[in-house]
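Student: I should like to learn how to read aromatic pairs, sheets and buried residues in a structural model. Could we work through one example together?

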Amino acid sequence: MAATLRDATAIVGIGQTAFARQLPQTEKELACRAILAALADAGIEPAEVDAFASYTMEETDEVEVAKAIGAGDVTFFSKVGYGGGGSCATVGHLASAVATGQATVGVAWRSRKRGSGPRPWKNTAVQLPTPGQWTRPFGLLRPADEIGMLARRYMHEYGATRDHLFNVAMACRNRANENPAAMMYERPLTREMYMTSRMISDPLCLFDNCLETDGALACVIVSAERARDCRQKPVYVHSVAQGLPAQHHGMVNYWNDDPLSGPAWTAARHLWKQADFGPEDVDVAQIYDAFTPLIPLSLEGYGFCGRGEGAAFTEGGALEMGGRLPINTGGGGLSEAYVHGFNLINEGVKQLRGVSTAQVPDAATCLVTAGEGVPTSAILLRA
């Protein structure tokens, strides 16, 4: 057994369905298609799968998935909470299971019909959870409203402007324009379009918000030893972390001494402590982008710049190809697809395989992050 998870496991297969505002298949069918595609990519038979990990918000459970794909006996299964905050943790849980001998072939997945399905906040008959009782009655009905409030606080504290948020939206759209699988492929964005678009929750306009997507993605995790014999070049899981800071209140951080120090800071401390390299050694990053302000907040939390410097970091094409830190090279949640961040995991694998549609030359290290503002997770990948 490995003493740590460092490079003990690898992602050897990735799969995805088409992405669209509306797909005819059920979430279960989309999930199975993505999983089977990932297994085929790895050259592993479904009967060898003995571990599953997904999100608590995933509506297709592992029992149904295992039967549908023809899995064998399953010895490990888990689900991670907090929506997009759980994305990277699904990989982390499987890496732990495989590294400690609880399983041999793990599949992580997320299937979602958010484009054609209902908006979660529409159901007013459900009793609000305790955190929601402090936000919903006062007008913070949607995640966009909560992040909009954090964004305004960030602007007030550090002088960030909508131009900085545009830099984020533009970088993601530019990469999507190169990605035929992206929903925003061949749909360019201009500054004028951004600045004149309708407000969703001030200061967040239409292009500061992620897409609404139907689709599914999956990846396959095995031991580093087995990965050497798989069909694809292995991408090693170098470090994993989850983060839930003290006195946390999802999205708004009401009870924290500093509302702008989100879960990323907690996850990052653990992530880098276990790693053989630091932020300055990251070649490319896939940073959770349900909303544009999450990028500067995450740049700070994961140590790419100092407190209050995340907005300025985006200037001068820093997030573009050839910049200081190319991000979300498939287009991210803002312009490729929004499936609770799972496309960021698969894009990280593509980068380190050298097959991305916006390939960073000689990329050997990649940071992938989950949702900031909620209990979160992150992984460092290494070629």
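Tutor: Let us begin with Trp109, in a model that is predicted. Trp109 has a relative accessibility of 0%, and because the limit for buried is under 20%, the residue counts as buried.

Student: Which residue forms an aromatic pair with Trp109, and how is such a pair described?

Tutor: In general, two numbers describe a pair of aromatic rings: the distance between the centres and the angle between the planes. Here the structure holds seven aromatic pairs. In one of them, Phe52 and Trp109 are edge-to-face, with 6.0 Å from centre to centre and 90° between the planes. The pair links distant parts of the chain, since Phe52 belongs to strand β2 (residues 51-55) and Trp109 to strand β4 (residues 106-113), 57 residues apart. Phe52 is likewise buried, its relative accessible area being 0%.

Student: Why is the pair of Tyr288 and Tyr338 edge-to-face?

Tutor: The planes of Tyr288 and Tyr338 stand at 75°, with the ring centres 6.1 Å apart, so the pair is edge-to-face. Tyr288 lies in the loop between β9 (284-286) and α10 (294-301), while Tyr338 lies in the loop between α12 (332-335) and α13 (342-353); the pair therefore ties together parts that are 50 residues apart in sequence. Tyr288 is buried at 4% relative accessibility, and Tyr338 is buried with a relative accessible area of 10%.

Student: Which residues do ring pairs link into a cluster?

Tutor: The cluster consists of Trp134, Tyr254 and Trp255. A ring may also lie beneath a charge: the charged end of Arg110 sits over the ring of Tyr55, 5.1 Å from the ring centre.

Student: How many strands does the open sheet have, and in what order?

Tutor: As a general idea, the strands of a sheet pair through backbone hydrogen bonds and may run parallel or antiparallel. This open sheet has nine strands in the order β3-β2-β4-β7-β1-β8-β11-β10-β9, and the pairing is mixed. At the edges stand β3 (76-80) and β9, each with a single partner strand, so each has one side without a neighbour in the sheet. On average, neighbouring strands are turned by 25° against each other, direction ignored.

Student: What joins β9 to β10?

Tutor: Three bridges join β9 to strand β10 (residues 365-369), and these two strands run parallel. Gln286, for instance, has Val368 in β10 as its bridge partner.

Student: Which strands does helix α2 touch?

Tutor: Helix α2 (residues 62-69) packs on the sheet and touches β2, β3 and β4, its direction making about 130° with that of β2. Helix α13 lies across β1 (9-16), β2, β4, β7 (214-223), β8 (235-243), β9, β10 and β11 (376-382), and runs at about 115° to β1.

Student: Is Glu146 buried or exposed?

Tutor: Glu146 lies in helix α5 (residues 143-158). Its relative accessibility is 5%, so Glu146 counts as buried. Beyond its neighbours within four places in sequence, Glu146 is in contact with Thr135, Arg136, Leu140, Gly250, Met251 and Val252. Thr135 is eleven residues away along the chain, and its C-alpha atom is separated from that of Glu146 by 8.2 Å.

Student: Which residues does the UniProt annotation cover?

Tutor: The unreviewed UniProt entry annotates residues 257-376 as "domain: Thiolase C-terminal". In the model, that span is 32% helix and 8% strand, and its end C-alpha atoms lie 19 Å apart.

Methods
Residues are numbered from 1 along each chain as its sequence is written. This is a predicted model: local features need pLDDT of at least 70, side-chain atom pairs count only at pLDDT 80 or more; totals for chains, interfaces and linings use all residues. Side-chain values use heavy atoms; hydrogens and water are left out. UniProt positions are given in the numbering used here, feature names are shortened, and annotations may be inferred rather than shown by experiment. Helices (H or I, at least four residues) and strands (E, at least two) are DSSP runs, numbered from the N terminus. Buried means under 20% relative accessible area, exposed over 50%, partly exposed in between (1.4 Å probe, protein chains only). Contact means heavy atoms within 4.5 Å. Rings of Phe, Tyr and Trp (its six-membered ring) pair if their centres lie within 6.5 Å; planes under 30 degrees apart count as stacked, over 60 as edge-to-face and the rest as tilted. A charge sits over a ring if NZ of Lys or CZ of Arg is within 6 Å of the ring centre and within 35 degrees of the ring normal. Two strands pair if DSSP finds at least two bridges between them. Axes are lines fitted to C-alpha atoms, for helices over the stretch in contact, and angles run from 0 to 180 degrees between N-to-C directions.
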